[in-house]
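Hi,

Here's the structure I promised to pass on. Have a look at it first, then read my notes underneath.

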Amino acid sequence: MAKAFFRSEEMELCQLLLHKENAFDCLMELGHHGGLQFNNVYDEDRQLNGLYTKKVSLCNELIRITTSLQQQMVELQIRVYFYPDVDLEHRLRERDLKEYGERLRRLHVETSAVMEHYQALDRRRYRMIEHRYAINKADKYFASDQGSELLYTESTLMSLIKDATDEGPAHRQLNYMIGSIRADKFESFELLCYRLFGFNLVVRFAEIPTLVVDYYGHRMEKVRKFSLLLLTNSTVIWPKVTRLCHAYHVTIYECPETSTLRMAKVDELSSEINSLERVLEESQRIRIQILEVTARDLYLLRVNLSKAVMVYDLLNRLRPVGGLQHQKYLQAECFVPVSELEDVREALRKGTRMKGGADRQEEEQLEQKLDPNDEPKLSPPKQATEEESHAPVLLKKNRQSSHIPPTYFRLNKFTQGFQNLIDSYGISDYMEINPAPYTIITFPFLFAVMFGDFGHGILVTLFALLLIWKEKNIAESQQASQEENEILNILFAGRYIVLLMGLFSIYMGLIYNDALSKSLNLFGSSWSCRYNSSTLDHMGGQLNLDPSDGNFFSGDPYPFGVDPVWKVCGEDSITTFNSLKMKLAIILGIAQMMFGLSLSAVNCLILDRRADLFLVVVPQFIFMICLFCYLVFLIFLKWLLYGGLKSAPYNTACAPSVLITFIDMMLMKNTQLDDPQCKNEMFKGERLLEYVLVFVAFLAVPVLLAGKPIYLQQRQKKLKKELQGRDISDLKQDGRDTLNEMRSSRRYSFDSQEDVVNERRASKTDPPRADHAEEFDLSEIWIHSGIHTIETVLGSVSHTASYLRLWALSLAHDQLSHVLWHMVLSKGLKSNSPLYVSVPVLACSFLAWAVLTVAILVGMEGLSAFLHTLRLHWVEFQSKFYSGSGEPFRPFKFAASSQRT
């Protein structure tokens, strides 16, 4: 199965026939298994068959009921039971939907009745609390409390209120009412009362100390309310006051006339409130009991109903087949991986054995077997069983399809993360080479080139190992969590990528001999200091270690990595590492680009595109080998020929600059050296070879520009002579196929996926199109060829320069680590203060250094290196062979259930 990771798995176009009696159970089982993709069923212009519209509405209604029940449980803080194995053990069958519906409707009616009763009683209780508070405030206003307040009698109040009417004293009577109003409406209510009635109406108010609950349907809201007392002696304005209160939704309460009656009313209300509270507690207890019983299975109901909606929606999109009056089958076109055909058929057979839609006949047969009055009868001839007659049919289709096959790779938890990196750029074409297997090595390695540090690599590795060690616990917590942690999900999905990045960073840290900005002297340095104390006492400037002197340099290479002496050489260290890492970046970049071109050649061989191989890929190879591979050759040759202990002209002083040599090669000139002992050439015949390589490289450009267009033009002319008798419509269609061959990808290296599929299914010659269309097609082909040639020539230079980011980020990481060590941690390590001072200083400096190291060097620098590595793979590497214009394989499969579903 490893082949299905290097290239997409081969797809089979199939026809699926489902009997309506067991179609639901077959698709339910198929949804748990996956492995089959339906074609064009979810298109916008897809016409629904309407057979399952009522079923979809029914399931949506039941889901609405479960949502309502869950909201009530959240309000009452009732925990819903979570079943992690719901997808494995508690699978829905069609016959269970009726039971689901009856049960949920019964629960909905019960909970709705209890909740409505509770809300009505609760609303009544709050009205009584408002009433009692309003009576208490009115009573305190009308009568004094043992002489501590001013006594207002009816006559006193009438004298205080101005009556603007002309009626006599006989028509005067004190009118008053009590009530409650929402606090947010009181200000405008009071202002309107003043503007309408002036001083003829007295308004007194007091805020109710506790929040009052208002119900709007089933929605509860706690609001602030004011208790009101309205007084007037005019009977004319009283109806207007009443209408104004109704407009502002003022709740009006009865207020007895005397203080004794008011106190009796308060006692009566208090007694009723206590009785209501006991009834409410009992109602709440019953409601909680019902919801607690419901909470045991609510998660199962919600998950299964969501799956039922998906299945019925899909069934509603399939095409009915059969007679007009007997359309008992549903038909669909689908793609199935070849390796999954038998598993898909087995899943469909398993769904048939469930018999969700045919249980009525099974029950009738069971009743007949259990009936004692039945007499033995002669059995009729054996016929096909119901299971066999209703079994789904999955047939391979032989005709060509205009639909491009989807791309499917067989992945595991290790390769899934690397494939996600590739899919973020684009989905592989059908049967195209997949970059993910090679990314497993190249991605963490290039990351480590920029991030290489032994200590930082250990931190990254430990973090990845922690994620892998807690893998099961994290997966379970993600499934049971109500909220999604996106950052943790990203890190957990790429835990194996992080692990390899950490391991490669440890390796490159050993190569650079860099551990938290310090070097490790594991094997002993090849350099030694021969200066004595008298030399140091009388030195007038800087002392250098002469590489040409055997007393200072032994000439033996360091066994592994970089010699530790370079970490303590000051400016010479930066110069040395600059040269080393810059050359290393160029070598790695050109090697990866050449590997990408090699994969492009393999693609041509696999897809049988010989013209693309010899007219597109081979010229690119020649151009890259003659120029940039020769540059890599010069780098290695310089490292091999020149050294510190060698004599002229192969000593360090005579070592030529590779960059100057490459520039002279492109400009075809010679740079004269100042030292007569040094040679102008690194080897004999170097200049002649460089001239030949430049000439051959530039000869490859015309082939790249005109090779493919001329080949297609000649092929059109040749085939046109052979097909003179062909219909003109066929010629036009084949001409479009020829144009698609040039437009097929950004590199115009391969045919379109549709052509590849059709050629694999039926070997067919591609003739050209008609005369008028031929000129138009060829003009576009030449334009595409010119654009591709410019991209290739300029891209080879720009992509090589782009790999210098490996050098830049590596030096930046090294210098930041150096600054943190010497500017933060070393302050605490070199403290000369007393012990009681130096220990806290060391602790603080170590804490600051550790936080900054993790946050900046590991976190921010790691993210920066990750993004740059991703860009190198997407742009510089994959552009050589990868189009990324395919379609992913989207099987009909239920997502893993969790608390968030």
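The second largest pocket holds about 710 Å³ of space. Keep in mind that this is a predicted model. Lining that pocket are 23 residues, and those nearest its centre are Leu491, Val498, Met501, Leu863 and Phe866. The elements that each give two or more residues to the lining are α13 (415–425), α15 (454–469), α17 (486–493), α18 (495–512) and α28 (835–877). Helix α28 gives the largest share, with 8 residues. As for chemistry, the lining has 17 nonpolar residues, 6 polar ones and no charged ones.

There are closed spaces to look at too: the structure has 6 cavities of 30 Å³ or more. The second largest cavity has about 70 Å³ of space. Around it you'll find Gly509, Leu510, Asn513, Asp514, Leu520, Leu522, Tyr558 and Phe560. That lining splits into 5 nonpolar, 2 polar and 1 charged.

Now for two helices that you can check with a bit of arithmetic. What span should helix α23 have, going by its 37 residues? At 1.5 Å a residue, α23 (residues 686–722) should span 54 Å, and its end C-alpha atoms are 52 Å apart, so the two values agree. This helix does have a kink of about 40° at Ala706, shortly before the proline Pro709.

You can do the same with helix α27, which runs over residues 805–829. Its 25 residues should span 36 Å at 1.5 Å a residue, and the end C-alpha atoms are 34 Å apart, so that agrees as well. Here, too, there is a kink: about 30°, centred on Trp821 in α27.

Finally, how far can you trust the coordinates? The mean pLDDT of the protein is 82, and 82% of its residues reach 70 or more. Two stretches need care, though. Over residues 144–152 the pLDDT stays under 50, and the model has 10 contacts for them beyond four places in sequence. Residues 162–171 also have pLDDT below 50, with 14 contacts in the model beyond near neighbours in sequence. Where pLDDT is low, the predicted coordinates shouldn't be read in detail.

Cheers

How values were computed
Residues are numbered from 1 along each chain as its sequence is written. This is a predicted model: local features need pLDDT of at least 70, side-chain atom pairs count only at pLDDT 80 or more; totals for chains, interfaces and linings use all residues. Side-chain values use heavy atoms; hydrogens and water are left out. On a 1 Å grid over the protein atoms alone, a cavity is a set of points where a 1.4 Å probe fits but cannot get out, and a pocket is an open set with protein on both sides within 12 Å along at least five of seven lines; lining residues have an atom within 4 Å of a point. Grid points are joined across faces, edges and corners, and a volume is the space filled by probe spheres set on the points. Helices (H or I, at least four residues) and strands (E, at least two) are DSSP runs, numbered from the N terminus. Ala, Val, Leu, Ile, Met, Phe, Trp, Tyr, Cys and Pro count as nonpolar, Asp, Glu, Lys and Arg as charged, and the others, Gly among them, as polar. The expected span of a helix is 1.5 Å times one less than its number of residues. The bend at a residue is the angle between axes fitted to the seven residues ending there and the seven starting there. pLDDT is the predictor's confidence in each residue, from 0 to 100. Contact means heavy atoms within 4.5 Å.
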